[in-house]
Structure formats: structure tokens, C-alpha cells
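Colleague: I'm new to this structure and would like a close look at one part of it. Could you pick a single residue, start there and work outwards?

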Amino acid sequence: MPATTLKQRRSFQALEAHRDIIAGRHLRELFAEDPGRGEELTAQAAGLYLDYSKNRVTAETIRLLVELAQESGVPERREAMFAGERINVSENRSVLHVALRMPKSASLILDGVDVVAQVHEVLERMAAFSERVRSGEWKGHTGLPIRNVVNIGIGGSDLGPVMAYEALRAYSRRDLTFRFVSNVDATDFAEATRDLRAQETLFIVSSKTFTTLETLTNATSAREWVLAQLGGDEHAIAKHFVVAKFGIDTANMFGFWDWVGGRYSMDSAIGLSTMLAIGPEQFAEMLAGFHAIDEHFQSAPLAENLPVLMGLLAVWYVDFFGARSIGVMPYEQYLKRFPAYLQQLTMESNGKHVTLDGAHVDYATGPVYWGEPGTNGQHSFYQLLHQGTELIPVDLIGFANPINPLRDHHDILSSNVFAQAQALAFGKTEAEVLAEGTDAAVAPHRVMEGNRPTNVLLAEKLTPGVLGSLVALYEHSVFTQGAIWGIDSFDQWGVELGKALAKAIIPELESEQEPQLAHDSSTNALIRRYRKLKAGG
């Protein structure tokens, strides 16, 4: 870790001075001064093209941000991650999600074991199992083939699989039904299974530790649901579950390792539902997309490195402009769950208030990531993006070719990617509004200040490989931000406290006798009110 704190670094102080200069500059000026800016401030890799020219930066800004990355030890921490060093310090673990997508010919030794060989052994077993289910060879307890797959998980064991399924639905087997259950609210399970038959249903219980209360509760209900429909025969369970618990044949348990965080696990065995949906070959294509960005991230110069640039721009706005959120707007309906997926990836990773050595930070970390597919968002929250008082940098994601060609829909959709980036950057001046004949009293309401930053990401088409590249891009952007902030992006202790307290409260809600409560007065009163309402009072 760098010897100095973030604010003490020479490059950080240089950026503060530079910010004072550039904060008063408008993107209109920057483009006027450099007509070639739109072609120069770009980067590309693995089928992704990044235009970051509509950011409040100059070549000098990028130079200073790269210096900050170097002074903060981003290259060294990156190499430590790829080498399997235990960079997750609070849990003393390696961070090796990159090993999940390395080719079979690669090798990475951790504690004397080739983890790439382990990964491919699991992938091959997953592929064999997937082919048995997809071909109809795998039969349920009554001899019927599987027609429904229900993934039970939460957090990374749900958000990744459901996002990938929705993103790649066009490549999936349409004669198979896929459902996802995560919430412990019984409605989630009831609605997911309401129209399914147990004879044709396979449950995938996705969990890293099998100690997560929500997943265990839903899995227990699934077990009871299967037994109720299949006459209570315990032998039925092994044909309808893929998990090590509930009496399942361990041949259908797929390995997982403590060096993969849940939010980095969609390309591991947690992605079994994805492989069942799109098949092993296209799952391998997705892994290749991940790996292409991994290689780019590891080898490309920082100033040309897509994840590094995106991470640096996030740091620029969070720590030098006070931005507290970043929008991600995919102009592709199949990516409707991508912003939700990124919420966990970004905020669980970098929502930290202490450094690697336990010191409290004196700078901002972990912005809120959020978003909605275009063009839907344009008719709700884009008003705030254009005329609100918050500075919200936005990533706009577009594709040159549609998956579902229909009339001129895709050109209309894509025109909005470019138009929104243009409008956010340049806005509309009062003089321009008045020149249109607008009444002077109304003109202020129609002024768009502009100078709102955007990244535009373009790819040819949403494919399994491009999806892998997109996810890896944001993974390594998150890594870059965390390395600069000097925090542990790979633990999540903030998730644990509420879970522990909930386990203590459960028996107090279920008890037939009035429990002795020792919480704060608010919690005690709420529990008493809940019990009274539950009893019909």
C-alpha cells in the first residue's frame, strides 16, 4: 500500500489545483478549442469502444489521473490480484475471479494447487450436466424431462444469474422456463412456482456457504413443494435439486472456492442456470469475453486502459466534484437488469469507510450506481440529469445492431444514445432559447446548462462474449477505484450486522408467549406492534 494517504499524494494535490482551473470550463469551450477531441479521447478493447470526450477533462487531466493511479499503486495491486496474493486483507483471501475465465491451457498456482485446472474440471462437469438436461436425457423422478429451472439464491447468487439470463434470453432455449427466487418473502417463491409442476422442475440452490438464511429458507420450501407433489418420496429430491444439501447426490454438486466473492461469481458454478439456458458453447463465449478484458486490463497502458479510464473518471467526479452517484443507462432492453447487477458489484465492493490498514478515510468513496434502460429513463429521471442541481456522470451503452430487427426501431433507439450525450454535454443557452421565439419569461425554464459528463460505450451487438466483456469492464473499474481509495473492495462486513440481528429477532416474532425484549425502545415497540397486528389486534 502507498506510504501516504490519498490526500497527501502529490498527484492528488496536483489534481486539486487542476480541478480549480477546469471546473470553470464548459464542454462547449473544450470542444471548440480542440475540434478533434471526439476522436482523440477514446479507447477500445474486446469489442467495446469508449468515447470519454464528453467528460470535463483535458489531456492534462488524464495525465494527472494516470499519475494518481501509479502513485496509488494500482499496477502493483493489479499484479498482486492476478498472482493470487491475499489482497482481501480482512478475510485473508486471494481474489481470483479472473481465474474463472482463463483458458484451459493457462495455469495459476495457489497454495500449490493449479486453480485453473480446478475451474475447468468444474466447467466440464457443468457442461456435461447441462447437456443431459437440455437433451432430455436427465429425467425427473417420474420419468419426465426437465422443462423448468428455478435458481434459488440471493445477492451475487441471484443478481448475476438473473441478469445474465435476461441479457442473453435471445440465445436461450425457449422451450425451457427459467425462474429466479431470491427474496425470503414467500410471495417470491409462490409466484415463481405457481404454474410449474414438480415432475418437470429442477431447482438450483446457488450459495457460496449454504448458511444464508434467505436461501436456506427458500430451498427448504422448495424441498417441501417437491415432496408434496411427488407423494413424499425422499428419493425424488436427488432428481430435482442441484445442491449438496437435502439428500442430493454429490455428483450434482459443483465446486466453489473462497477466492471468488459472490458478486464476482456469475461466471463460476453459480452460473449453472446461465449455462443451462444458453448452452456450454455460448457460456464459453461469455467466458472468453471476460478473459479478453482481463488481458487488456493487465497489459494495456493505463492511459489506454478501458477499465482504468472508467475507474479514474469515477474518482475524478466523486473526489474532486462531489458527485455522489453515477448512472448506467443501457440502450438495450435485454440489459434491463444490468444496472441492478452493477449496484451490488459497485456498492458492496467500494461502500467502505476505512482503508486497508483500518484508518478512517477523510475522502469520499463508493458512489451510488443506478440506472434504467433507455429510452424508458428519458421519460422519468432524465429531467433531473439535464436541469437538476446534482452532478451525475452517466454511462450510456449502445449497440450498432439489434437482436430483434423491426422497422426503424433500432435507429430511433440509437439516435437517443447520441442525442442524450450531446444534450447533456452542450445543453441549450438562453440566447438559443430566445432565438427560437420563446417568451422571455419562459426562457429560463427551457435553458439546459449542459456540462453534464457522459461516457458512451458502443459495441457491435449484444452477444455472450460482449456481455462478458461488459461485466469484466465494470469489475476492473471498481478495482481501480478501490485501489486508489486504498480500501478492501472484496469484503462485505456491512452485510453481516443486519443478518445477525434478524436471527436474534426471529424467535421473538414467532414466540407464542410474550418475549422479554432487550432492544432499543423503537425496536421493542415495533416488535410488540407487529405481534399485536399478527394476532389480529
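Modeller: Let's start with Leu68, which has 0% relative accessibility and therefore counts as buried, the cut-off being under 20%. Bear in mind that this is a predicted model. Leu68 belongs to helix H4, which runs over residues 59-71.

What does Leu68 touch, once its neighbours within four places in sequence are left aside? The contacts are Leu6, Ser11, Phe12, Leu15, Val315 and Ile484. There's a long-range neighbour to look at as well: Leu312 is 244 residues away from Leu68 along the chain, yet their C-alpha atoms are separated by 8.7 Å.

Now follow Ser11, Phe12 and Leu15 into helix H1, since these three are among its buried residues. The others on that list are His18, Arg19 and Ile22. Together, the buried residues of H1 cover an arc of only 120 degrees around the axis, which puts them on the same side of the helix. Here's the general idea behind that: an α-helix has 3.6 residues a turn, so residues three or four places apart point the same way. On the other side of H1 you'll find Arg10, Asp20 and Ile21, which are exposed.

What covers the buried residues of H1? The cover includes H4 and helix H13, residues 306-320. As for the length of H1, its 13 residues (10-22) should span 18 Å at 1.5 Å a residue, and the end C-alpha atoms are indeed 18 Å apart, so the two agree.

Phe12 is worth a second look. Besides being in contact with Leu68, Phe12 is part of one aromatic cluster with Trp316, Tyr317, Phe320 and Phe321. Across the whole structure, a search finds 21 aromatic pairs. One of them is Phe189 with Trp225, an edge-to-face pair with 6.5 Å centre to centre and 90 degrees between the planes. Phe189 sits in helix H8 (residues 186-193) and Trp225 in helix H9 (residues 213-229), so this pair ties together parts that are 36 residues apart in sequence. Phe189 and Trp225 are both buried. Compare Tyr317 and Phe321, back in the cluster: their ring centres are 5.8 Å apart and their planes are at 55 degrees, so that pair is tilted. Tyr317 is buried, too, with a relative accessible area of 1%.

Rings can also have a charge over them. Arg37 lies over the face of Phe31, at 5.2 Å from the ring centre. Likewise, the charged end of Arg78 sits over the ring of Phe297, 5.7 Å from its centre.

To finish, set H1 beside another helix, H21. Asn524, Ile527 and Arg531 are buried in H21. Seen down the axis, the buried residues of H21 fall within an arc of 65 degrees, so they line one face of the helix. The face turned away from that buried side carries Ser521, Leu526, Arg529 and Leu533, which are exposed. Helix H20 (496-510) is included in what covers the buried residues of H21. At the start of H21, a side-chain oxygen of Asp520 reaches to within 3.0 Å of the backbone nitrogen of Ser522. After H21 comes Gly536, with a positive phi near 90 degrees.

Terms used: Residues are numbered from 1 along each chain as its sequence is written. This is a predicted model: local features need pLDDT of at least 70, side-chain atom pairs count only at pLDDT 80 or more; totals for chains, interfaces and linings use all residues. Side-chain values use heavy atoms; hydrogens and water are left out. Helices (H or I, at least four residues) and strands (E, at least two) are DSSP runs, numbered from the N terminus. Buried means under 20% relative accessible area, exposed over 50%, partly exposed in between (1.4 Å probe, protein chains only). Contact means heavy atoms within 4.5 Å. The expected span of a helix is 1.5 Å times one less than its number of residues. The arc is that of the directions from the helix axis to the C-beta atoms. Rings of Phe, Tyr and Trp (its six-membered ring) pair if their centres lie within 6.5 Å; planes under 30 degrees apart count as stacked, over 60 as edge-to-face and the rest as tilted. A charge sits over a ring if NZ of Lys or CZ of Arg is within 6 Å of the ring centre and within 35 degrees of the ring normal. A polar contact is a pair of N or O atoms within 3.5 Å; within protein, one must be able to donate a hydrogen and the other to accept it, and residues adjacent in sequence count only if both atoms are side-chain atoms.
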